[in-house]
Each structure stands twice: as structure tokens, then as C-alpha cells.
Amino acid sequence: MITRQRLAAGLCALLATLTAGVAFPAGAVADETAQAAPKVELVLDVSGSMRARDIDGGSRMAAAKQAFNEVLDATPEEVQLGIRTLGANYRGDDRKTGCKDTAQLYPVGTLDRTEAKTAVATLTPTGWTPIGPALLKAADDLDGGDGTRRIVLISDGEDTCQPLDPCEVAREISSKGIGLTIDTLGLVPDAKTRDQLSCIADATGGTYTSVQHKEELADRVGQLVDRAADPVVTPVAVEGTAECAQAPALKSGLYTDREEFTKHRWYRVEVEPGQELRASVSVAADRSVAPDYGVLLRAVTVHGREIVRGEAAGNGRTDVISTGLRYPKAESDDEDATAEVVCLQVSNSFAATAGVKTTPGLPLELTVDVVDGPDQAGDVASFGLGRGWWLLGALVLTGFLAGVLWGWISRWRVAVWRTN
């Protein structure tokens, strides 16, 4: 059994697909068609606080420039990249004007590394920190097309342009269902900055990273840009059933569904001899839920015998809870051996808080992989004990040997006592 806590990355695409409500036939396979060019916009805080000299003996601005130069050199050819600034131009004290200070330094498109580096070199820490307005403009910069779209925000402090809450801006961007992810990097490890940047990232299924060294900044921004170039798998909407016999047949791919509170959904997967089934499920708490909840994923035979399970529990508000399992089907010497139908059951113990609607069900994302199994796959999960089978055998052997040894020692002590 493998239990995995998956990150919330990709949650926006999941919710968008569920909202579309497209029905696919049972046996549908996740679509991996050719994708449009991925787009990334780096959004850099150039406010006055970036003058502070607390990153490896240099200023925060110098660390950001060095990181940008390294990232621009390593950006994959297929990625269309742009750069937007906030707080880079207005030096005055007028808050209304300062909160409009965001500009596109380099347009999103095919990258000219020399031109982009030259633009970055001109930046000087200047003004306010209008994170919310910058995110709205960045979303517009990336509008259009079906490829991956990612905003990477680098900032050293809280937004200074409230009441336009950047966290609410991120939620607004997410609610549009455009599949845009915002990743954030904080250059100051204080609680307020961390909380705000974490909230922005969480709203769109992105990540937050605290950075205190130049190398960390360059490495992390580079990773996020590279991630945008990874192939995108479009989830397939599928509808599980209350019983395995009527469940849709799934092949390897990524699927979405909705599951009612405290209910279960069934799906079927065929596993040939010598193959291994790997499955994982994530259920998103897209509304307020009661504490103490869990998610269970079971692999069961068509006759109802449990093969293996994965489970995860949570306590308190979280966005996604996930678990997974694996089942290797042993090789068979019988040339006429047929595939085994494995029933996957997804259950949850979520409960809605007072006044919260229970319909529609919670968003569910199911990943199915059927791959060539390990060389010795005829052991473990076929007994319903997973890798615990080996532990059980070791404990039995240890207990037997301990019993024999203790019996021998007892007899020896009795013999000594009688002799004396």
C-alpha cells in the first residue's frame, strides 16, 4: 500500500472540467492531445523594500536580477515567457497612483534572451507593492490559448494596496476556470508575508516557497518555468456508480467525478497477468466541512474480496486529501489466462457544516496507471495484505525463534538449580 499526499496543483483544471459537466462513455481514456505553447509570466516586486541587503550580503533586487538572468538562459525553447513588474516606476507618496504601478517589462512570447536581460538590468527598487492589480494584469497578459499558463510571483512583502485583497484576486482568477496557476516566492520569512503569499498560491493550486539565498531563488524559479513545459493531461469526466457491476471501465489516465458526502463510487479496471495497477484519488473540500474526515481507496475482486487499500485522514480545513494503492498481478503459466477485473471503490467520511449545501458532491480526481509489473509480482497484494505480508512473516519467524531460545534458557536454568 502506498499512501500519498498530493499537492493541490492542478485543482483549477479539475474544477473547470467538472463545471463543464461533459459526459464521456465508460472506457474513455484521458486525452493527451497536442498542447498549445505553454505561457509563463514572471511578476517581480520592485518596491522600495527590495533595496534591503539581507540575501547573501547583497540586496534583494540584486538576487532577483541574478536569478532572472540564469532562468532566462535556461528557459525551454517551447515556453513563451514574459516579465511584469510592480512598484517599479512611481516614486511618489500618492497611494492611488502608487497602487496602479504595474507594467509589462517584456511581453509574453518567443523569448529574446538578450532583450529580456537588458530590460531586467534597468530595474531599480522604487515604489509601492500593488500585488493584486499586478496579478489581474498578468492574468490578462496570459489570456487566450489552451496551453499551460503560469504566473510566478516574487515578492518581499505584503500588498500595500488594500482593500483589493490579492488573495481574493487569486480566487477570482481561479473561479474563471481558465486553468491558470500562480506560484509565489517570498524573500522575507515573516508570518504575514508567508500567509498572504501562501493564500494566493493555494487559491489556484500553486505553490509557495520561502527563499533566503540567491541559489535557492534561481533554482526554484527555473523549476517552475520548466514545469510549465511539461505535457498537460486533460482530465476526463466519468461517472462512478453505486455498484461495481455497473461501474465504468477505465484505462490508464486522469479522471474527474463528483462524490456525495459519506458515499462511495465504484470504477472497474482490467489488469492483465504480469501487470501492476497503480491508482490514487484526491477529493477536494471545495466548501466548509466538519473536522475529522477521511478518504478510502480500495481494490476489490468482482466477488467482493478486498485485495489492497489506501487511506488518509484529516482534521480541520484543508483543500485536498489524497491516498493511493498498488496491486501487482502475478505472471501466469497458463497461455489462456485472462485479465482480472479489479473494482476500485472510493469512499469518504466528509460531513458538511451547518448551512452548507451537500449537492453537488465533492470534486474527485482519480489517477489510474496500468503498467508492466515487477519481476516478482506474485506475492504481496494477491493475499490482501500488501507489503505487510513480509512483515507478518518476519514477526512469526522472530516469535518462533524467541520462543525456542527462551525455552532453552529456562531448561538450562532449571538444570543448574537442580544441580546446586
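Which residue in E6 is the bridge partner of Gly186? The partner is Ser210, and this pair is a convenient place from which to enter the structure. The structure is a predicted model, in which local features need pLDDT of at least 70 and side-chain atom pairs count only at pLDDT 80 or more, whereas totals for chains, interfaces and linings use all residues. Residues are numbered from 1 along each chain as its sequence is written, and side-chain values use heavy atoms, with hydrogens and water left out.

Some vocabulary is needed before going further. Helices (H or I, at least four residues) and strands (E, at least two) are DSSP runs, numbered from the N terminus. Two strands pair if DSSP finds at least two bridges between them. A residue is called buried when its relative accessible area is under 20%, exposed when it is over 50%, and partly exposed in between, with a 1.4 Å probe and protein chains only.

Strands E5 and E6 belong to an open sheet of six strands, with the order E3-E2-E1-E4-E5-E6 and mixed pairing. Strand E3 (102-109) and strand E6 (208-210) stand at the edges, and because each has a single partner strand, one side of each is left without a neighbour in the sheet. On average, neighbouring strands of this sheet are turned by 15° against each other, direction ignored; the axes behind this value are lines fitted to C-alpha atoms, for helices over the stretch in contact, and angles run from 0 to 180 degrees between N-to-C directions.

Within this sheet, strand E1 (residues 39-45) pairs with strand E4 (residues 149-155) in the parallel sense over six bridges. Here Lys39 stands opposite Arg149 in E4. E4 also pairs with E5 in the parallel sense, over seven bridges, and Ile182 in E5 is the bridge partner of Ile151. On to E6, the parallel pairing of E5 is made over three bridges.

How many of the seven residues of strand E5 (residues 180-186) are buried? Seven of its seven residues are buried, and the strand is mostly covered. Leu180, Ile182, Thr184 and Gly186 point one way from E5, while Thr181, Asp183 and Leu185 point the other way.

Further along the chain, strand E9 (residues 253-259) has six of its seven residues buried, so it is largely enclosed by the rest of the structure. Strand E7 (residues 236-237) pairs with E9 in the parallel sense over two bridges, and Tyr255 in E9 is the bridge partner of Val236. E9 is also joined to strand E16 (residues 362-372) by seven bridges, and these two strands run antiparallel. In this pairing, Glu259 stands opposite Leu362 in E16.

Strand E15 (residues 340-348) is mostly covered as well, with eight of its nine residues buried. Strand E10 (residues 264-271) pairs with E15 in the antiparallel sense over eight bridges, and Val341 in E15 is the bridge partner of Glu270. Strand E12 (residues 293-301) pairs with E15 in the antiparallel sense over seven bridges, where Arg298 stands opposite Gln345.

Two residues of strand E14 deserve separate attention. Thr323 is placed in this strand, which covers residues 320-328, and counts as buried because its relative accessibility is 0%. A polar atom of the Thr323 side chain lies 2.9 Å from the backbone nitrogen of Glu311. Leu325 is also placed in E14 and counts as buried at 3% relative accessibility. Leu325 and Ala299 are 26 residues apart in sequence, and their C-alpha atoms are 8.0 Å apart in space.

Burial is also found in a loop. Thr129 is in the loop between helix H4 (113-121) and helix H5 (131-141), and at 7% relative accessibility Thr129 counts as buried. Its C-alpha atom is separated by 5.5 Å from that of Gly87, although the two residues are 42 residues apart along the chain.

Finally, the structure holds two cavities of 30 Å³ or more. On a 1 Å grid over the protein atoms alone, a cavity is a set of points where a 1.4 Å probe fits but cannot get out, and lining residues have an atom within 4 Å of a point. The second largest cavity holds about 30 Å³ of space, and its lining consists of Glu77, Val79, Thr110, Leu111 and Arg113.

Note on methods:
1 Å grid on protein atoms, 1.4 Å probe; cavity = no way out; pocket = protein on both sides within 12 Å on 5 of 7 lines; lining within 4 Å. Points joined across faces, edges and corners; volume = space filled by probe spheres on them. Polar contact = N/O pair within 3.5 Å; in protein donor to acceptor, adjacent residues only side chain to side chain.
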